[in-house]
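User: I am new to this structure and should be grateful for a close look at one part of it. Please set that part in its context afterwards.

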Amino acid sequence: MSNLIVDIVVGLQAGDEGKGKVTHHLLKERDYTHCVRYNGGGNAGHTIYHEGKKFVTHLVPAGVFYGIKSIVGPGCVVDINNFFKEIQMLNDNGIDTDGLIYIAENAHIVQSRHLQEDGSDTKIGTTRTGNGPAYRDKYARHGLRAKDVDALQPYLINFFNEMHRTDANVVALFEGAQGFQLDVDWGDYPYVTSSHCTTAGALLNGIPPRCVRDVWGVAKMYETYVGAKNFQPADEIFTDIQRVGKEFGATTGRPRQCNWINYDMLSRSILINGANHVVFNKVDILREVDAWHLRINGRSTSELIFQNEEQMKDYLTKSFPDSTLYFSDNPESFELCA
Ligand code: IMP
Ligand code: MG
């Protein structure tokens, strides 16, 4: 038996929930030997404040900020040029990545034809990073794996051997990309990404369920979505939330459409992901616009309207008694709800 312990950070909504912040915080507070990205590729954009400086990463796991071995896992797809650019960006900004960054040998490669194809997407509103075509070719069994690319040889790692070591304890933080509503199986198909964004997606990287310790689900106090479908209702409160919350895509710069939390989807997401910890980010944004709403009953327009912050927090806390809830009102940290 291996001595592996895994914590997972997973998105409960449509990405951009603040997983980067939670990951960064956990890496600082707990002792991890490894940090692993488990799905997606350069389509993700993680905003991280490290020692007061803002970083936007797309592929490289946040472990590098703390000198922790950081691996792009087997469930990911890698755009080689962007991978090297990101390492350069980190180095240029004073982050030493030497000997810290690895790619699983069996991760797949985003090829130029994937970029070309995705570049002309108008149907889904993809990030045009070649993600979907790369995963399609993986499943069609004519993809290219990292181990077959010469330029990546110094970065390759046998992921199984690294995780299931017999000579040392491995305590790994798995960081997810995107979120439940973009999951290829559970999201709003076809407006989804092409990977598994749930806790199960982390397990697909060769992790036995019994090795999972904590699952950190991350949500916002409202929802955002970037892509081609219509998501934001006409009410101007949502343009206020978008402005105050600076809701513009970290990867594409596109404005993120805003709406209230879809409570039913959130409940399902917490359940399916098995999130025993749930962080609600951006409480400060709703505080600023002073409106506290939830959408209920699926897609209908039914809403629960709270009088104030405490009422909404109280409702959420009572709704999810099996999870520990945290609320955050700043980009750098979060606190346990009393
Ligand atoms: P793709 O992942 O680039 O194929 O895009 C599919 C859908 O997922 C589009 O609606 C994208 O905007 C969305 N998406 C992909 N990655 C992210 C992310 O990291 N945050 C938010 N939306 C994302
Ligand atoms: Mg993002």
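Between which two elements is the loop that holds Pro 190?

Analyst: The model is a predicted one. Pro 190 belongs to the loop between strand β10, residues 170-175, and helix α6, residues 199-203. The peptide bond that joins Tyr 189 to Pro 190 is cis, with an omega of about 10 degrees.

A second backbone feature concerns Asp 16. This residue is not a glycine, yet its phi is positive, at about 60 degrees. Asp 16 is placed in the loop that runs between β1 (4-11) and α1 (19-29).

Asp 16 also leads to the ligand. Around ligand 1 there are 18 residues, and those that come nearest are Asp 16, Asn 43, Thr 127, Thr 193 and Val 226. By type, the shell around ligand 1 is made up of 9 polar, 7 nonpolar and 2 charged residues.

Several side chains place polar atoms opposite those of the ligand. For Thr 193, a polar side-chain atom is 2.6 Å from an oxygen atom of ligand 1. In the case of Arg 254, an N or O atom of the side chain is 3.0 Å from an oxygen atom of ligand 1. The side chain of Gln 178 has an N or O atom 3.0 Å from a nitrogen atom of the ligand. Ligand 1 taken alone exposes 470 Å², of which the protein buries 96%.

Finally, a word on helix packing. Helix α3 (residues 112-119) and helix α4 (residues 131-139) have axes that come within 7 Å and cross at roughly 125 degrees. The two helices, α3 and α4, are therefore oblique to each other, and their crossing is right-handed.

Technical notes:
Residues numbered from 1 in each chain as written. Chains lettered and ligands numbered in written order. Predicted model: local features only at pLDDT ≥ 70, side-chain atom pairs only at ≥ 80, totals over all residues. Heavy atoms only, no water. Near = heavy atom within 4 Å. Polar contact = N/O pair within 3.5 Å; in protein donor to acceptor, adjacent residues only side chain to side chain. Areas by Shrake-Rupley, 256 points an atom, 1.4 Å probe, with all protein chains shown as cover. Nonpolar A, V, L, I, M, F, W, Y, C, P; charged D, E, K, R; others polar. Axes fitted to C-alpha atoms, helices over the stretch in contact; angles between N-to-C directions. Helix = DSSP H or I, 4+ residues; strand = E, 2+ residues; numbered from the N terminus. Parallel < 35°, antiparallel > 145°, perpendicular 65-115°, else oblique. Left-handed = near helix turned anticlockwise from the far one by under 90°.
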